[in-house]
Amino acid sequence: MTDSDINSDITSWQIFLFWSPLALSWLMLSIEGSFVAAVIARLAEAKYNLAAHGVSFSLAMIFEAPIISITPATTALCSDNHSLRMLNRFTLVLNLMITALMLLMLISPVFSFFIQDLIGLPDKIADLTHTALIILLPWPMSIGFRRFYQGVLISRGLTRRITYGTIVRLSTMIITGLFLYFLNTTGAYAGAAALSMGVFVELIAVRLMAGSSISAFKQIKAGPKHNHRKLTYGYIIRFYYPLALMTVMSLGVYPMVIFFMGRSRFPIESLAVLPVVNSLIFIFRAIGFSYQEAIIALLNKNISYLRNIRSFAIGLGITLVVSLILVAFTPLSSLWFHSISGLSLHLTEFATLPVKIMAFMPGAAAMITFQWGILVHGGKTSPISIATVIEICTILASLFVLIGLVDMVGINAAAIAFMMGIVLGNLYLLPFTKRLMAKLT
């Protein structure tokens, strides 16, 4: 749906048409993790390779974290030729810094200190993780530029092109993964290669599809945003750093989760099922996360859409919770983990309870994403960072109690901790969101 399809009295169906390509893209990406885990689970030494994949991918996500929010930032700030160039340069510098830090992490003494001395991973898993992380080196920069061009497309209302890019990514990833599977490649390496190749090819596709949008922005000499003032790097940094801090902290918590799980009951089993459980939960969470950019773009067009945008978010959250409950509390759970994901019956037993614990996670994710969208549109990004600090502190404190004192199985403790964290993060943002909504309306 383009700008001409949206009128001043937007309906839920119009919101759906605008948002659904973004949701479909996130949904397809959420399936990506499950596919990779399924490939690894069917190769040799699945337990160790799944654990190494979970650690290496978590680390790659941490390095990616500072650049993830460039999509909502570009959607909110890109309005003319000047802002386009400024945001493009900002993305380039941030990508170079991230890649340099990842290279530093890969130096053997540095890697050994963090992964073996600090986190305490066994040597076998640590070695697999190191090589997998080398293969994932192109990942953060590819993600960064891809997210920038996606923001350009969303700003122009061309959300369907993002879905086309995701189809390219998934197709490339599946072909690469299956090719390496039939070559009987080491599981953790096959997963990393499939992910890296998929996102790199997607970047090329999205850049090509964004060409006309970039040309259109270059023709606009002075956009209507920012009170007709030129965008500055200082403003971009002030606007962006709370969003980057949010994603860094959110994804950076995973090494700490791994740290606690490595010292819990059944540590290898917990580490092995963590990426598989996360992949299933992310399928439902991702649909809610995809709503953020749609909220920003729609409110940029007309602030009167706010009430219907909120109603849509509530309905979306309820739908996602009901859907996950139907999976978590029925035989579909075992079907997913054992038959589709390829886990052994032993590991499937460890995976089923955490999903039940996190059954309400997609609803909480949809609500916090709605609040993020409102706050980013209003330029009030600082509360988002504070909410993330609260969420992370809650997760770590819960893990300390549940694993360190109660001696709970690691993956179960992690599920409870994640639920408690996102609930408290939601509650903290509520007063800020309500005040901003009242001001906007």
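Which residues are linked in a network of salt bridges? In this predicted model, the network of salt bridges joins E32, R146, R169 and E202, and the close-up views below begin there.

**View 1. The salt-bridge network of E32, R146, R169 and E202.** The structure holds five salt bridges, among them the pair R169 and E32, whose closest N and O atoms are 2.9 Å apart. Because R169 belongs to helix 8 and E32 to helix 1 (residues 12-41), this pair ties together parts that are 137 residues apart in sequence. The side chains of E202 and R146 also meet in a salt bridge, at 3.2 Å from N to O; with E202 in helix 9 and R146 in helix 7, that contact ties together parts that are 56 residues apart in sequence. A salt bridge between R169 and E202, again at 3.2 Å from N to O, links helix 8 with helix 9 across 33 residues. R169 is buried at a relative accessible area of 2%, E202 is buried at 0%, and both E32 and R146 are buried as well.

**View 2. Helix 7 and the glycine that follows it.** Of the 17 residues of helix 7, 16 are buried, so the helix is largely enclosed by the rest of the structure. At 1.5 Å a residue, helix 7 (residues 139-155) should span 24 Å, and this agrees with its end C-alpha atoms, which are 24 Å apart. After helix 7 comes G157, with a positive phi near 80 degrees.

**View 3. Two loop residues with positive phi, N184 and D407.** Most residues other than glycine have a negative phi. N184, although not a glycine, has a positive phi of about 60 degrees; it sits in the loop between helix 8 (159-182) and helix 9 (187-209) and counts as exposed, at 57% relative accessibility. D407, also a residue other than glycine, has a phi near 65 degrees; D407 is found in the loop between helix 18 (382-405) and helix 19 (410-440), where its relative accessibility of 40% makes it partly exposed.

**View 4. A positive patch and a nonpolar patch on the surface.** The positive surface patch is made up of R85, R89, K221 and K230; one of these residues, R85, lies in helix 4 (residues 81-106) and is partly exposed, with a relative accessible area of 34%. The nonpolar patch consists of Y233, I237, Y241 and L245, which together have about 380 Å² of accessible area. Within that patch, I237 is placed in helix 11 (residues 233-261) and counts as partly exposed, at 46% relative accessibility.

Note on methods. Residues are numbered from 1 along each chain as its sequence is written. This is a predicted model: local features need pLDDT of at least 70, side-chain atom pairs count only at pLDDT 80 or more; totals for chains, interfaces and linings use all residues. Side-chain values use heavy atoms; hydrogens and water are left out. Patches are made of residues with over 30% relative accessible area and no salt bridge: like charges are joined within 9 Å, nonpolar side chains (Val, Leu, Ile, Met, Phe, Trp, Tyr) within 5 Å. Accessible areas come from the Shrake-Rupley method with a 1.4 Å probe; for residues, only the protein chains shown count as cover. A salt bridge is a side-chain nitrogen of Lys or Arg within 4 Å of a carboxyl oxygen of Asp or Glu. Lys and Arg count as positive and Asp and Glu as negative; His and the chain ends are not counted. The place of a charge is taken as NZ of Lys, CZ of Arg, CG of Asp or CD of Glu. Helices (H or I, at least four residues) and strands (E, at least two) are DSSP runs, numbered from the N terminus. Buried means under 20% relative accessible area, exposed over 50%, partly exposed in between (1.4 Å probe, protein chains only). The expected span of a helix is 1.5 Å times one less than its number of residues.
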